[in-house]
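Colleague: I'd like a close look at the side-chain contacts in this one, with the charged pairs as the way in. Could you take me through them at bench level?

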Amino acid sequence: MAVNVYHTAVSKDNLSRHQILAWVNETLDMSLTKVEQLCTGAAYCQFMDLLFENPLPLKKVKFNTKLEHEYVANFKLLQTCFKKVGVDKPIPMDKLVKGKFQDNIEFVQWFKRLFDANYGGQEYDALVARGGIVVTTGEAAGAKPGAVKTGIASRPAAGAVKRTPPPKAATSSYSSKPSPGSQPAARRPGPSSGAKQSPASAAKQSPASAPKARTAAAASAPAKPDPRLLAEVAELKTQVAELQQAVETTEHERDFYFGKLHQVEQICQEPEHENSEGMARILEVLYATEEGFVPPEEDQQGLEEGVEGITVNEPEYPEDPGFVEDPGFVEDPGFVGEDPGFVAEDPGFAPEEELEEY
């Protein structure tokens, strides 16, 4: 059984956060960088495995997790372990899983006192005990996917010079500034006798066509994705995956506890428990409803009552003014609605078409 300890925030022998992190990393062979990273509960579970013999199934502990519902699962294992070894401190898991510094530093300082009171100096290989899982929950492991890659891609190398080829539209067979001493080559007269364009006018018109060429090249080139949008999409995908896993876990827990309640209901309704006051109270709690809730049976009954209260108005047909009832008509008292010996169709009857063939 464990030796219980009590701790207050004003204790003189409280360790600083740096001392706490050094103790956790050295004892459990981890690389934590913040006290808030203890909010997963995995370190406490392995500490209990170090102090006591088989206090909990260490394979069920989630070490490298970033999901809050898995933090809660780790702390539930720790709470069960506390009850097993006799530690009477309740775990404020709803506060610890939020990752706040104050809540986690107070709990780990109390746990350090519990560790010192129960540690017997035994040897323990933490890495082997957890199956070789390397716990890396530092800043590098917690970086958003694509953040490092985006930084490298968006920053050019130092000293690099971006060279762009001159636009083809700006080139011309004539130079606007001929070198001294050189003479431009004589143009061959073409077959057509149209007006000739001078080199000066060609140089003036070439810059006007350059923006059109650059615009066409930019339109044909594929658009580069925005790194910020890529990082945001990756983060949203991660959130969707976490929410889907949380929904699956919630549905599993719902079905599990509903099955338990159904079993309790069946036990309470057994004949030998009919006159038991305790079972009656349990059934009363099971069937209790919130204010304003109407069971489906009462809804159906109200619907049926509403249908019964509806009156159907049949249409009235006008009486034929020319109809006169025969005063001599007397109904036969021996009339039977249908003759029991009547046969709907004579088996020997044949249609006229078949008789014509014969």
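Which side chain does E68 meet in a salt bridge, and what is the distance from N to O?

Modeller: Bear in mind that this is a predicted model. The partner of E68 is K98, and the N to O distance in that salt bridge is 3.1 Å. What I like about this pair is where its two ends sit. E68 is in helix α3, which covers residues 68–85, while K98 is in the loop between α4 (93–96) and α5 (101–118). The two residues are 30 apart, so the bridge links distant parts of the chain. As for the surface, E68 is partly exposed with a relative accessible area of 37%, and K98 is exposed, at 51%. The cut-off for exposed is over 50%, so K98 falls on the exposed side of it.

That pair is one of four salt bridges by the rule used here. Another one joins D116 and K112, whose closest N and O atoms are 2.8 Å apart. Here the setting is local: both residues belong to helix α5, four residues apart, or about one turn of the helix. The two ends are placed unlike each other, though. D116 is partly exposed, with a relative accessible area of 46%, whereas K112 counts as buried at 15%. Buried means under 20%, which is why K112 gets that label.

K112 has a second contact that you'll want to see. Besides its bridge to D116, K112 lies over the face of W23, 5.3 Å from the ring centre. There is a similar arrangement to look up at R130, which lies over the face of F63 at 5.8 Å from the ring centre.

W23 then takes us to the aromatics. Its ring belongs to one aromatic cluster together with Y44, F47, F75, F82, F107, W110, F111, F115 and Y119. Across the whole structure, the search finds 12 aromatic pairs. One of them is F115 with Y119, a stacked pair with 4.9 Å centre to centre and 15 degrees between the planes. F115 counts as buried at 5% relative accessibility, but Y119 is partly exposed at 36%. For a contrasting geometry, go to F256 and Y257: their ring centres are 5.2 Å apart and their planes are at 75 degrees, so that pair is edge-to-face. Both of those rings belong to partly exposed residues, with F256 at 44% and Y257 at 47%.

Back to charges for a moment, since there's one more bridge to show you. R228 pairs with D226, and the closest N and O atoms are 3.5 Å apart. R228 counts as exposed at 66% relative accessibility, while D226 is partly exposed at 27%.

Last stop, the empty space inside. Searching the whole structure turns up one cavity of 30 Å³ or more, and the volume of the largest cavity is about 50 Å³. Its lining is made up of 10 residues, and L32, Q37, T40, A42 and V135 lie nearest the centre. By type, the lining divides into seven nonpolar residues, three polar and no charged. After all those bridges, then, the charged side of the story has no part in the lining of that cavity.

Terms used: Residues numbered from 1 in each chain as written. Predicted model: local features only at pLDDT ≥ 70, side-chain atom pairs only at ≥ 80, totals over all residues. Heavy atoms only, no water. Phe/Tyr/Trp six-rings, centres within 6.5 Å; stacked < 30°, edge-to-face > 60°. Buried < 20%, exposed > 50% of the residue type's maximum accessible area, 1.4 Å probe, protein only. Lys NZ or Arg CZ within 6 Å of the ring centre and 35° of its normal. 1 Å grid on protein atoms, 1.4 Å probe; cavity = no way out; pocket = protein on both sides within 12 Å on 5 of 7 lines; lining within 4 Å. Points joined across faces, edges and corners; volume = space filled by probe spheres on them. Nonpolar A, V, L, I, M, F, W, Y, C, P; charged D, E, K, R; others polar.
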